[in-house]
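Visitor: I have the sequence and the model open side by side. Please take me closely through one helix and what surrounds it, then step back to the whole chain.

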Amino acid sequence: MIDTYYIGGSPCAGKSTVAEMLSQKYDLYYFKVDDFLDDYTKSGALKGYPICKKTVEMNPEQIWMREPLLQCREEFEFYEEVFEYVLADLDQINCKNGIITEGAAYVPNLIKRLDIPSRRYISITPTKEFQVFHFRKREFVPYVLDGCRDMEKAFGNWMGRDILFAQEVQKQCRENQYVSIINDGNIGIDEMAERVAGHFGLHG
């Protein structure tokens, strides 16, 4: 059985950077869930999954002008719908040294259902301040929000969704006894990677 290490959490926390660093250092196959979400959404929509179907039919105005709490709730429902596709793709990977995979799709409650041990899962979430500061610097943000009549309001709703998502992930980690790192910007990325590697037992 291939050793698989899961990094969950929420956007703009450093998950991707840490996973890429560890994949290179320990010669692990890096599976980035976000690279496949569009395909998963389309597949779910074709199957009639309600959130996937709703997502492909909405324009940016309809997506981002919704209340953050509704967006957050539907985000969790979305990951429930597409989780089967994530697992199917993971199952197709053949890498003798193991797999490191990351994405917000690895919701603690979903990971617990698979009976993944605590030493194979960790979540990384940002503080509100860290998240908003770094998202404002990302070049793709205006393209995602293009078509919204009030881009600042849409951005605020987006950030509100992700803040609520992070809080729920942290709560689920506590309930399921999974380790959760909260990134407030005071931990360098190298130290963050070392912490995750230590948790996974990748040292030595």
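Guide: Start with what covers the buried residues of α1: the cover includes β1 (4-9), β2, β3 (99-102), β4 (121-126) and α10. Keep in mind throughout that this is a predicted model.

Now look at α1 itself. The helix spans residues 15-25. Its buried residues are K15, V18, A19, L22 and S23. These buried residues lie on the same side of α1, because they cover an arc of only 130° around the axis. Turn to the other side of α1 and you find Q24 and K25, which are exposed. A lysine thus appears in both lists: K15 is buried, whereas K25 is exposed.

Go next to α10, one of the elements that cover the buried residues of α1. This helix takes in residues 189-200, and I189 belongs to it. I189 has contacts with G14, T17, V18 and M21, once its neighbours within four places in sequence are set aside. V18 also belongs to the buried set of α1. Take G14 as a ruler for this pairing. In sequence, I189 and G14 are 175 residues apart, yet their C-alpha atoms are 7.4 Å apart in space. Is I189 buried, partly exposed or exposed? I189 counts as partly exposed, because its relative accessibility is 34%, and the partly exposed class runs between 20% and 50%.

Follow the chain out of α1. Just after the helix comes D27, with a positive phi of about 55°. D27 sits in the loop that links α1 to β2, and β2 covers residues 29-32. β2 is also among the elements covering the buried residues of α1. Why pause at that angle? Most residues other than glycine have a negative phi. D27 is a residue other than glycine, and its phi is positive.

There is another such residue further along. Q177 is not a glycine, and its phi is positive at about 60°. Q177 lies in the loop between α9 (151-176) and β5 (179-183). It is an exposed residue, because its relative accessible area is 68%, with over 50% as the cut-off for that class.

For contrast with the I189 and G14 pair, try R113. R113 lies in helix α6, residues 108-113. R113 is exposed, as its relative accessible area of 58% shows. R113 and Q71 are 42 residues apart in sequence, and their C-alpha atoms are 24 Å apart in space.

Now step back. The chain has ten helices and five strands. Its C-alpha atoms fill a box of roughly 55 × 40 × 30 Å along the principal axes. The radius of gyration is 17 Å, which agrees with the value near 17 Å for a compact globule of 204 residues. Of those 204 residues, 49% count as buried.

How do contacts run along the sequence? Take those between residues at least 6 apart: 79% of them join residues at least 24 apart. The I189 and G14 pair, at 175 residues apart, spans the chain in that way.

Last, the surface and the charges. The accessible surface comes to about 10,700 Å², and carbon and sulfur atoms hold 49% of it. The chain carries 24 positive and 32 negative charges, and the mean positions of the two sets are 3 Å apart.

Terms used. Residues numbered from 1 in each chain as written. Predicted model: local features only at pLDDT ≥ 70, side-chain atom pairs only at ≥ 80, totals over all residues. Heavy atoms only, no water. Helix = DSSP H or I, 4+ residues; strand = E, 2+ residues; numbered from the N terminus. Rg over C-alpha atoms; globule rule 2.2 N^0.38 Å. Buried < 20%, exposed > 50% of the residue type's maximum accessible area, 1.4 Å probe, protein only. Contact = heavy atoms within 4.5 Å. Areas by Shrake-Rupley, 256 points an atom, 1.4 Å probe, with all protein chains shown as cover. Lys, Arg positive; Asp, Glu negative; His and termini not counted. Charge placed at Lys NZ, Arg CZ, Asp CG, Glu CD. Arc of directions from axis to C-beta.
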